[in-house]
Amino acid sequence: HINTSYNKDQNSSSDLSMAEFANTNFNFSWELLAVFKRTFGLRHFRPNQFEAINAALLGHNCFILMPTGGGKSLCYQLPAIVSKGVTVVISPLKSLIIDQIQSLKSLDIPAAHLLGGITSEKENSIYSELWKADPGLKLLYVTPEKVAGNKKLIQVLRTLHRRNLLSRIVIDEAHCVSQWGHDFRPDYKLLGVFKQNYQNVPIMALTATATQRVRKDILHQLNIEETKWFVSSFNRPNLVYEVIPKKNKSSLLEIAKLIKKRFARQSGIIYCMTKIECDNIAFILSREGIRAVSYHAGLTDKKRNNIQMLWTSNEFNVICATIAFGMGIDKPDVRYVIHYSLPHSIENYYQESGRAGRDGDIAYCFIYYNHSDMHRIAKLIELGGGTNETKKVHFHNLYRIVSYCENKKDCRRAMQLNYFDEQFDIAQCIADEKTACDNCRIKHSIKIIDVTDESINLVRAIQKICSSGKSFTFTHYVDIFIGKKTQQVVAHGHENSNIFGKALHWNRSNLEQLIHKLILEGYLKKEMVEIESDILNAYIRIGPEAEKLLSRLVKVSLTLSSKTNLNNSNIDSIEDSTVNPILEEIKEKCYKNLMEVCRGLAESLNIS
Ligand code: ADP
Ligand code: MG
Ligand code: ZN
């Protein structure tokens, strides 16, 4: 899907017509197509590749935005071969560079890198090649630190430029230049000098960043105001998105079952919030016979590299990681990414889940979601320092991802892509049953119910308590409303008040969903209060929009699966929330034994 609508917003001076570049009549066209087929052995261009390659060969600066796995590398590798001279590629990670050189060498394309670890002989031979009148090297890969601090390199680039042999400068993973991006690297900031020093050398910036803010920042930081844009749709059609309610302990056994049943011996990533969580989950999965390993910032570099290598070579199938496990993972056959804790933003989620299915085959992205994870992240933000401004941004991001998780109605692709200002036609998601998101799949089996009356009752009750000057937490209110006599509830005498059991017939999780909705819509609000040094409590108060609800200017509706019955007795859900994995195991065994006994009995009585 070629999408040129971004051009208008982002750079009024750029040419809107892609047709200009979708042309085979340039003087390099014949050679371009020959290299594409013979050297790369490919047959069809992916969306935007052909246009971008032509624009590059015509000498334009190019900004290429394609989702991960979209085929960005070809956009500069192919022009590098067709052009005279050497293309310099800046890439942030050693592992990415080594992978690229390996694949170029396997295609007999002369490429080299100047990474820290190489021998001085090797380095000298690369430099002497670059000094030659006709260098036998087409692509030179370097990290940004190298560009900043290496006189020898700066000198050779200058002479290449003077001799008209510096054919193009490529900045891969260009979002690293922006501190608004998800992977800021300070050394990237220095790359702006290229345009200053070599004004006539075209630049190509490539990234899978989807946010507008970062895109603009990249152009600005790299000094490339005049550029051609190539923006592909960021939809990943082979990824299946699903949000699953997380029940604290039982969900882990559920995940173990899921992996064993659907993803046995296939590669996956489980993102966890803390190091301890990584270790615990890896341990529990291993106990279930799954080859799982933990990966986090608490391990030494050596150990982490080792773990990543073992996972890449399929010695381990599942890596339980914190978000420290990120860029540089270039494993094409990751079949699932599970978020066992809430991602920090929709953008983070897009990037993290995007590590699945790079090979184009179907892959699954699950978020196991519950409200308390939101509280955990909110506390981290609150305690994390930073200015009020940055805290505000973090909270905004958090609320957006929470709304995403709680939304049981809208297409998940559309929600993600709209976040990046891309319009997405949901018919594309619904059309294929195998890849439709959870919400599109069950479109026919949900119901939306009006809960305005219930909402007003709850907000009034909370208002009454707050006006007495007392503050209580989310859980406390839920306990009161469903009529649960906890120690806390009794201690405050709430079991005798007229709000006790106000939502007696409600299932706990539905009630939680409702109260969350009331918070998200501003009828209630959550206030973080420090009760002891460094210990925060989230108290529920009346929100800024409450008056609108109380005077019935607005309605509140709740989206539920059509199977859910609001009048469930809450005994179910209480049992649910206290599932004990060991008890579960025993229950399952008992059940199996019982079946055996029944079968034996049936046989002896001669009935089937
Ligand atoms: P990106 O950098 O955008 O994440 P890559 O350049 O690493 O993606 O390409 C991802 C995969 O797609 C690679 O295995 C590459 O060989 C393959 N690929 C790229 N372009 C094409 C094409 N036109 N036809 C077939 N495969 C392609
Ligand atoms: Mg790439
Ligand atoms: Zn959908």
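**Entry 1: strands E1 and E7**

I began with strand E1, residues 62-65, and found that E1 pairs with E7 in the parallel sense, over four bridges. I keep in mind that I am looking at a predicted model. Next I picked out one residue pair: Cys 62 has Lys 228 as its bridge partner in E7.

**Entry 2: the sheet around them**

I then traced the sheet, which is open and has seven strands. I wrote down its order as E3-E4-E2-E5-E6-E1-E7, with parallel pairing. Which strands stand at the edges? I found strand E3 (111-113) and strand E7 (228-231) there; each has a single partner strand, so one side of each is left without a neighbour in the sheet. I also looked up the turn between neighbouring strands of this sheet, which is 15° on average, direction ignored.

**Entry 3: helices on this sheet**

Helix H5, residues 94-106, packs on the sheet, and I noted that it touches E3 and strand E4 (139-142). The direction of H5 makes about 160° with that of E3. I looked up helix H8 (residues 151-162) as well: it lies across strand E2 (86-90), E4 and strand E5 (166-171). Against E5, helix H8 runs at about 130°.

**Entry 4: a sheet of six strands**

I moved on to an open sheet of six strands, again noting parallel pairing. Reading across, I get E8-E13-E12-E9-E11-E10. The edge strands here are E8 (239-245) and E10 (292-295), and each of them pairs on one side only. For the average turn between neighbouring strands of this sheet I noted 20°, direction ignored.

Inside this order I followed one pair: strand E9 (residues 267-271) and strand E12 (residues 334-339) are parallel partners over five bridges. I found Ser 267 opposite Val 334 in E12.

**Entry 5: a look at Ile 307**

Last, I chose a single residue, Ile 307, in helix H13 (residues 301-312). Is Ile 307 buried or exposed? I counted 20 C-beta neighbours inside 10 Å. The cut-off for buried is 20 or more, so Ile 307 counts as buried.

What does Ile 307 touch, leaving out residues up to four places away in sequence? I found Val 293 and Tyr 295. Both numbers fall in the range I wrote down for edge strand E10, 292-295.

I also checked Ile 307 against Ile 319: the two are 12 residues apart in sequence, and their C-alpha atoms are 8.5 Å apart in space.

Note on methods:
Residues numbered from 1 in each chain as written. Chains lettered and ligands numbered in written order. Predicted model: local features only at pLDDT ≥ 70, side-chain atom pairs only at ≥ 80, totals over all residues. Pairing = 2+ DSSP bridges. Helix = DSSP H or I, 4+ residues; strand = E, 2+ residues; numbered from the N terminus. Axes fitted to C-alpha atoms, helices over the stretch in contact; angles between N-to-C directions. Buried ≥ 20, exposed ≤ 12 C-beta atoms within 10 Å, placed from the backbone. Contact = placed C-beta atoms within 7 Å.
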